[in-house]
Structure formats: C-alpha cells, structure tokens
Amino acid sequence: MTAVFPQAAPWSEQRASHADRESAVGHLQRAAVEGRLDFDELDERLEQALNARTHGELAALLADLQGLEGQGHGQEVVRDGPLVLKGGMHGVVRRGRWKVPPRLTAYGGMGGVVLDFTQVECPLRSLDIEVHGQMAGVTIVIPDNWSAETDGVESGLGGVKDRTTPDHSPDTPLVRLSGTAGLAGVVIRHPKARERRRLERELKAIGSR
C-alpha cells in the first residue's frame with residue numbers, strides 16, 4: 001500500500017524556527033544602525049519578529065529593507081560609526097582590558113549585553129552609548145569616579161535604573177546613554193562587592209608578575 005503524504009504548506013505558511021526569528025532580529029537591528037528604521041519602528045518590529053510563527057510573518061517585516069549591508073550573523077560589528085554589540089541568543093560580555101571607542105551601540109536581544117568598564121583605560125572625557133534593552137536588557141558597570149546621564153533613554157516597559165553616585169571627577173569620563181529600555185530595561189551602576197573583590201584579586205595578580 002502506497003503511503004500518501006499531505007502536500008507541504010506554502011513557504012510563507014510554514015512555521016519559523018528560533019534561528020529564523022533570530023536572523024530576522026539581526027536584519028532589523030542592522031537596518032536601524034544604517035538609519036532605515038527609527039527607534040520606535042525597531043522596537044515594534046522586534047517584538048513582532050520574536051512572536052512571529054511563520055516565514056511569511058517574518059518576510060513581511062523585512063520586505064521594505066532589502067539590500068541590507070553586512071549580512072553576517074556575528075555579534076560584533078565595526079564600521080566607520082560606533083562599535084555595535086548584539087546580545088543575540090547567547091549574550092555578549094565585555095570585561096577586562098578592552099579598547100573603548102567614543103561611541104557604542106548595544107542591543108540586548110534575547111541573551112543580554114554586559115559592558116564592564118572597571119579595568120579599561122579611557123582617555124575620553126565623554127562616552128556615548130546607544131542602548132536597546134529588548135528582551136534581555138543591557139547592563140553597564142562603570143568605575144566609582146565616572147558619572148552617567150540617562151535622560152536620553154526612553155524607559156519603555158523595563159525602565160532605566162541609574163545606580164551611580166553623583167560624585168564625578170572632572171578628569172574622568174561622563175557616560176551619556178540614549179536609546180530605548182525595551183522589555184528588560186537598562187541598568188548602569190558601579191561594581192558590586194563581589195566584583196570589587198574579583199578586581200582586587202586580578203590587580204594583585206598583575207602586580208605580582
């Protein structure tokens with residue numbers, strides 16, 4: 001007896017996978033970086049992409065964004081503009097000694113982004129960071145004598161938590177945040193006790209070499 005298989009649904013009606021949704025999120029984020037979408041459009045489309053069930057729903061979100069630059073799926077993109085960090089599915093953490101550009105953009109995605117500036121050497125007097133909390137949020141850790149401005153961030157559902165102290169040395173950077181808090185929010189703070197202990201251990205280890 002010959003088995004009879006049902007005819008496959010049209011591609012647009014087939015179910016999308018997590019990878020398909022993540023790919024669409026990446027395209028939307030790149031479109032925003034290139035100026036094709038404003039922040040409100042990006043947030044609206046990201047929410048729709050993460051909740052999309054079919055290929056057709058995802059395709060509709062990208063239909064007017066053909067020809068995007070940088071089709072790779074890396075989580076870190078460097079162009080002539082800012083350093084762009086994307087949390088994606090697994091998250092991105094910048095910690096330790098790393099080169100700090102004058103402008104950064106961080107998209108929390110579904111994995112989150114953590115930017116730790118406690119061990120960097122930053123000669124800049126101001127640092128502009130565009131943040132989009134999205135599903136998992138963005139956390140920024142700055143040294144005690146750095147200060148922050150968060151008025152440029154739209155609070156969204158997740159809100160913005162500024163846990164820094166007002167003390168600021170004129171010779172240290174001012175971190176200016178802009179963007180959207182998204183669903184998970186944005187946090188900027190000084191190191192916690194556990195982080196301070198780890199930092200002390202690392203500095204002692206460096207000094208003993």
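This report walks through the strands, helices, cores and aromatic contacts of the structure shown above.

**Overview**

Please keep in mind that this is a predicted model. The protein chain folds into four helices and 11 strands. It has 209 residues, of which 44% count as buried. Contacts that reach far along the sequence are well represented: among those between residues at least 6 apart, 67% join residues at least 24 apart.

**The five-stranded sheet**

Let us start with an open sheet of five strands, which follow the order S3-S5-S7-S11-S9 and pair in parallel. Its edges are formed by strand S3 (92-94) and strand S9 (160-163), each of which pairs on one side only. On average, neighbouring strands of this sheet are turned by 5° against each other, with direction ignored.

At the S3 edge, three bridges link S3 to strand S5 (residues 113-116), and the two run parallel. Valine 93 has valine 114 of S5 as its bridge partner.

**Strands S2, S4 and S6**

Next comes a run of pairings that passes through strand S4 (residues 103-107). S4 pairs with S2 in the parallel sense over four bridges, and with S6, again in the parallel sense, over five bridges. The table lists bridge partners for these strands and for S3 with S5.

| Residue | Bridge partner | Strand of the partner |
|---|---|---|
| valine 93 | valine 114 | S5 |
| lysine 86 | tyrosine 107 | S4 |
| alanine 106 | valine 131 | S6 |

Alanine 106 is a handy residue to follow here: in S4 it stands opposite leucine 85, and its bridge partner in S6 is valine 131.

How are the faces of strand S2 (residues 83-86) covered? Both are covered by the rest of the structure, with Leu83 and Leu85 buried on one side and Val84 and Lys86 buried on the other. S4 is mostly covered too, as four of its five residues are buried.

**The largest nonpolar core**

The largest nonpolar core holds 26 residues, and those touching the most other members are Leu115, Phe117, Ile129, Ile140 and Leu177. Two or more residues each come from S2, S4, S5, S6, S7, S8, strand S10 (174-180) and strand S11 (186-189). S6 gives the largest share, three residues.

Which residues does isoleucine 140 touch, leaving aside those up to four places away in sequence? Its contacts are Leu115, Phe117, Ile129, Val131, Leu177, Val187, Ile188 and Arg189. Val131 thus appears here as a contact of isoleucine 140 and above as the bridge partner of alanine 106.

**An aromatic cluster around Phe117**

A search of the whole structure turns up two aromatic pairs. In one of them, tryptophan 98 and phenylalanine 117 are tilted, at 5.1 Å centre to centre and 40° between the planes. This pair ties together parts that are 19 residues apart in sequence, because tryptophan 98 lies in the loop between S3 and S4 and phenylalanine 117 in the loop between S5 and strand S6 (126-132). Both of these residues are buried.

The rings of phenylalanine 117 and tryptophan 146 have centres 5.7 Å apart and planes at 40°, so this pair is tilted as well. Tryptophan 146 sits in the loop between strand S7 (138-141) and strand S8 (147-154), while phenylalanine 117 is in the loop between S5 and S6, so the pair joins parts that are 29 residues apart in sequence. Phenylalanine 117 and tryptophan 146 are both buried. Together, Trp98, Phe117 and Trp146 make up one aromatic cluster.

**The helices and another core**

Now to the helices. In helix H3 (residues 55-62), the buried residues include His55, Leu58, Leu61 and Leu62. These residues are on the same side of H3, because they cover an arc of only 125° around the axis. The buried residues of H3 pack against helix H1 (18-33) and helix H2 (39-51).

Helix H1 contains alanine 31, which counts as buried because its relative accessibility is 0%. Alanine 31 and leucine 42 lie 11 residues apart in sequence, with their C-alpha atoms 8.5 Å apart in space.

Leucine 42 also belongs to another core of 17 residues, apart from the largest one, with Ala52, Leu61 and Val84 among its members. Two of these names have come up already: Leu61 is buried in H3, and Val84 is buried in S2.

Terms used:
Residues are numbered from 1 along each chain as its sequence is written. This is a predicted model: local features need pLDDT of at least 70, side-chain atom pairs count only at pLDDT 80 or more; totals for chains, interfaces and linings use all residues. Side-chain values use heavy atoms; hydrogens and water are left out. Two strands pair if DSSP finds at least two bridges between them. Axes are lines fitted to C-alpha atoms, for helices over the stretch in contact, and angles run from 0 to 180 degrees between N-to-C directions. Buried means under 20% relative accessible area, exposed over 50%, partly exposed in between (1.4 Å probe, protein chains only). Rings of Phe, Tyr and Trp (its six-membered ring) pair if their centres lie within 6.5 Å; planes under 30 degrees apart count as stacked, over 60 as edge-to-face and the rest as tilted. The arc is that of the directions from the helix axis to the C-beta atoms. Contact means heavy atoms within 4.5 Å. A nonpolar core is a set of buried Ala, Val, Leu, Ile, Met, Phe, Trp, Tyr and Cys residues joined through side-chain atoms within 4.5 Å.
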